[in-house]
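Okay, everyone, thanks for coming. Let me put my protein up on the screen, and then we'll walk through it together.

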Amino acid sequence: MAMEKEPALSASKLVNLREGRPSVYLEWNNICFSVKDAKGEKKEVLQNLSGKAAPGSLTAIMGASGAGKTSLLNVLASRISDGRANCSVSGSTKLNGTEVKPVEYAKRVAYVMQDDALLAT
């Protein structure tokens with residue numbers, strides 16, 4: 001999926017005017033995630049995914065069951081990182097235009113994992 005290049009965002013544009021707090025512009029490029037199965041064969045879970053989440057907007061990650069939505073969120077939130085047993089992660093993540101390593105922002109980025117709360121009747 002080709003993305004148009006976004007103009008650089010200045011710090012003055014990244015202030016939440018309602019609350020006066022800094023906002024965060026998250027961008028990810030060419031995210032790849034693979035695992036090795038029990039036979040040692042590499043399985044591509046995510047291949048060259050790019051996207052962005054801008055302040056003041058709603059970002060939805062949608063797809064069929066098994067499409068890799070949770071895997072992408074886990075990579076972006078640093079719940080999965082390169083070097084873990086049988087895992088390989090590559091790509092870049094930027095916060096407010098500055099590339100960061102997942103380890104550097106892991107304590108500041110999170111999401112609430114899905115919990116199936118509906119019960120069959």
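Let's go straight to Ser-34: is this residue buried or exposed? Ser-34 is buried, because its relative accessible area is 5% and the cut-off for buried is under 20%. By the way, what you're looking at is a predicted model. Ser-34 sits in strand 3. So who's around it? Leaving out neighbours within four places in sequence, Ser-34 is in contact with Lys-42, Lys-43, Glu-44 and Val-45, and also with Asn-86, Cys-87 and Ser-88.

Hold on to that last name, Ser-88. Ser-88 lies in strand 5, which covers residues 87-95. How does its exposure come out? Ser-88 counts as partly exposed, because its relative accessible area is 33%, and partly exposed runs between the 20% and 50% cut-offs. Besides Ser-34, Ser-88 touches Cys-32, Phe-33 and Asp-82, again not counting residues up to four places away in sequence. And here's a nice one: Ser-88 and Val-35 are 53 residues apart in sequence, yet their C-alpha atoms are 6.4 Å apart in space.

That kind of thing shows up across the chain. Take the contacts between residues at least 6 apart in sequence: 56% of them join residues at least 24 apart.

Okay, zooming out. How many helices and strands does the chain have? There are two helices and six strands. Reading from the N terminus, the order is β-β-β-β-α-β-β-α. The chain has 121 residues, and 23% of them are buried. On the outside, the chain exposes about 9400 Å², with carbon and sulfur atoms supplying 53% of that.

Back to strand 3, and its partner, strand 4, at residues 42-53. The two run antiparallel, and eight bridges join them. One bridge pairs Leu-26 with Ala-53 in strand 4. Five residues lie between the strands in this hairpin, and Gly-40 there takes a positive phi near 85°.

Now, which residues make up the largest nonpolar core? There are 10 in all: Leu-26, Trp-28, Ile-31, Phe-33, Leu-46, Leu-72, Val-75, Leu-76, Ile-80 and Val-89. Strand 3, residues 26-36, and helix 1, residues 69-76, are the elements that each give two or more residues to this core. Strand 3 gives the most, with four. If you want one residue to click on, try Val-75. Setting aside residues up to four places away in sequence, Val-75 touches Ile-31, Phe-33, Leu-46, Ile-80 and Val-89.

Val-75 is also one of the buried residues of helix 1, along with Ser-71, Leu-72, Asn-74 and Leu-76. What do those buried residues pack against? They pack against strand 3, strand 4, strand 5 and helix 2, which is residues 102-105. After helix 1 comes Ser-78, with a positive phi near 65°.

Last stop, the largest pocket. Its volume is about 840 Å³. The lining has 27 residues, and the ones nearest the centre are Leu-26, Leu-73, Val-109, Ala-110 and Tyr-111. Strand 3, helix 1 and strand 6, residues 98-100, are the elements that give two or more residues to that lining. Which of the elements gives the most? Helix 1 does, with four residues.

And notice Leu-26, which has come up three times: in the core, in the bridge to Ala-53, and by the pocket centre. That's my tour, so over to you.

Methods
Residues are numbered from 1 along each chain as its sequence is written. This is a predicted model: local features need pLDDT of at least 70, side-chain atom pairs count only at pLDDT 80 or more; totals for chains, interfaces and linings use all residues. Side-chain values use heavy atoms; hydrogens and water are left out. A nonpolar core is a set of buried Ala, Val, Leu, Ile, Met, Phe, Trp, Tyr and Cys residues joined through side-chain atoms within 4.5 Å. Buried means under 20% relative accessible area, exposed over 50%, partly exposed in between (1.4 Å probe, protein chains only). Contact means heavy atoms within 4.5 Å. Two strands pair if DSSP finds at least two bridges between them. Accessible areas come from the Shrake-Rupley method with a 1.4 Å probe; for residues, only the protein chains shown count as cover. On a 1 Å grid over the protein atoms alone, a cavity is a set of points where a 1.4 Å probe fits but cannot get out, and a pocket is an open set with protein on both sides within 12 Å along at least five of seven lines; lining residues have an atom within 4 Å of a point. Grid points are joined across faces, edges and corners, and a volume is the space filled by probe spheres set on the points.
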